[in-house]
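Dear colleague,

Please find below the structure that I am handing over to you. My findings follow directly after it.

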Amino acid sequence: FLQGRTALVTGSTSGIGLAIAQALAAAGARVAVNGLGTPEQIASALASVAATGSEARHFAADLRRADEIGTLLDAVQAWGAIDVLVNCAGIQHAAPLAEQPAQKWDDIIALNLSAAFHTMQQTLPGMAERGYGRVVNIASVHGLVASKNKAPYVASKFGIVGLSKVAALEYASAGSRDSGGVTVNCVCPGWVETPLIEPQIQAHRNGGSREDGVRALLEEKQPSLRMSLPEDIASMVVWLCRREAHNVTAAALPMDGGWTAQ
Ligand code: NAD
């Protein structure tokens, strides 16, 4: 159902973003892949997205920098008007507030929050003109509830939930039920098995195995005691792109095994 559509997925050389790029491509979209990595990592990510039969191309940019975001968007828009924007690039640094380096705060806010402001500002007007558009921001349970030792991360994720609600309201009446409208939503995952959380798994091992670390993390917060897989998150993103999701907007949808019910 995404044939003829172009999607930009930031942070799609790894983890959740890569699974989203693969799933959108499998649904027919041509996908602009973005993210850091060695040339080999980028080539292998691109090959896995293109393996679905859809077109895929990598667009490099350090999204902490507004000027690079502008250049990235110009290049992608020259390739195809962006119908689906997924802001997934994100970083994390766990430390008590008093010990958070100021540079980590700046980097986390720039990438996890400000980059989404810039990409949305430059793509939503075009989506409204064409009557169809989907913005899906990968926030986190930490956009809904806090945890210790994650001051910049939690601030960035609460921020992106608020930013998304404002954008959703401003574009709520764009398009029609037939064209699909323009929606802006956040997906709020709990623990997902990706390289991002590996340091936290290791920190919870307490001298035991990696599995012990995983169990300790889950027991602390996620009642299902199961991690999500990146492709679980991706399937929710693909559903949000469907025409019949036209009235799901301004939502922050948890996929968290019950974490935020407590
Ligand atoms: P990951 O580390 O596997 O992937 C992060 C991606 O962002 C990579 O493609 C990386 O190259 C890219 N990136 C990093 N710095 C960048 C920069 N300066 N410019 C451009 N791209 C950059 O992590 P992940 O777990 O897949 O996380 C993806 C998103 O999901 C993040 O926003 C994260 O906060 C969110 N999230 C993850 C979890 C989890 O448990 N893994 C839970 C909730 C939310």
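Helices (H or I, at least four residues) and strands (E, at least two) are taken here as DSSP runs, numbered from the N terminus. This is a predicted model, in which local features need pLDDT of at least 70 and side-chain atom pairs count only at pLDDT 80 or more, while totals for chains, interfaces and linings use all residues. Residue numbers start from 1 along each chain as its sequence is written.

I begin with two backbone features. L225, in the loop between α7 (210–221) and α8 (230–240), has a positive phi of about 55° although it is not a glycine. For burial, the count is of other C-beta atoms, placed from the backbone, within 10 Å of a residue's own: 20 or more means buried, 12 or fewer exposed, and anything in between partly exposed. L225 has 11 such atoms and is therefore exposed. A250, likewise not a glycine, has a positive phi of about 65° and sits in the loop between α8 and β7 (252–255). With 17 C-beta neighbours inside 10 Å, A250 is partly exposed.

The ligand is surrounded by 28 residues, of which G11, G15, G35, G90 and L196 come nearest; a residue counts as near if its C-beta atom, placed from the backbone, lies within 6 Å. Helices α1 (15–26) and α4 (102–130) each supply at least two residues of this shell, and α1 gives the largest share, three residues. By class, the shell has 14 nonpolar, twelve polar and two charged residues. Here Ala, Val, Leu, Ile, Met, Phe, Trp, Tyr, Cys and Pro count as nonpolar, Asp, Glu, Lys and Arg as charged, and the others, Gly among them, as polar. Because domain 1 (6–190 + 233–255) and domain 2 (192–227) both give residues to the shell, the ligand shell lies between them; the domain bounds come from an automatic or database domain assignment.

Helix α1 also packs against another helix. L18, A21, Q22 and A25 in α1 meet A45, S48 and V49 in α2, where contact requires C-beta atoms, placed from the backbone, within 7 Å. The residues of this contact divide into five nonpolar, two polar and no charged.

Finally, A23 lies in helix α1 and is buried, with 26 other C-beta atoms within 10 Å. Leaving aside neighbours within four places in sequence, A23 is in contact with E231, A234, S235, V237 and V238.

Yours sincerely

Notes: Contact = placed C-beta atoms within 7 Å.
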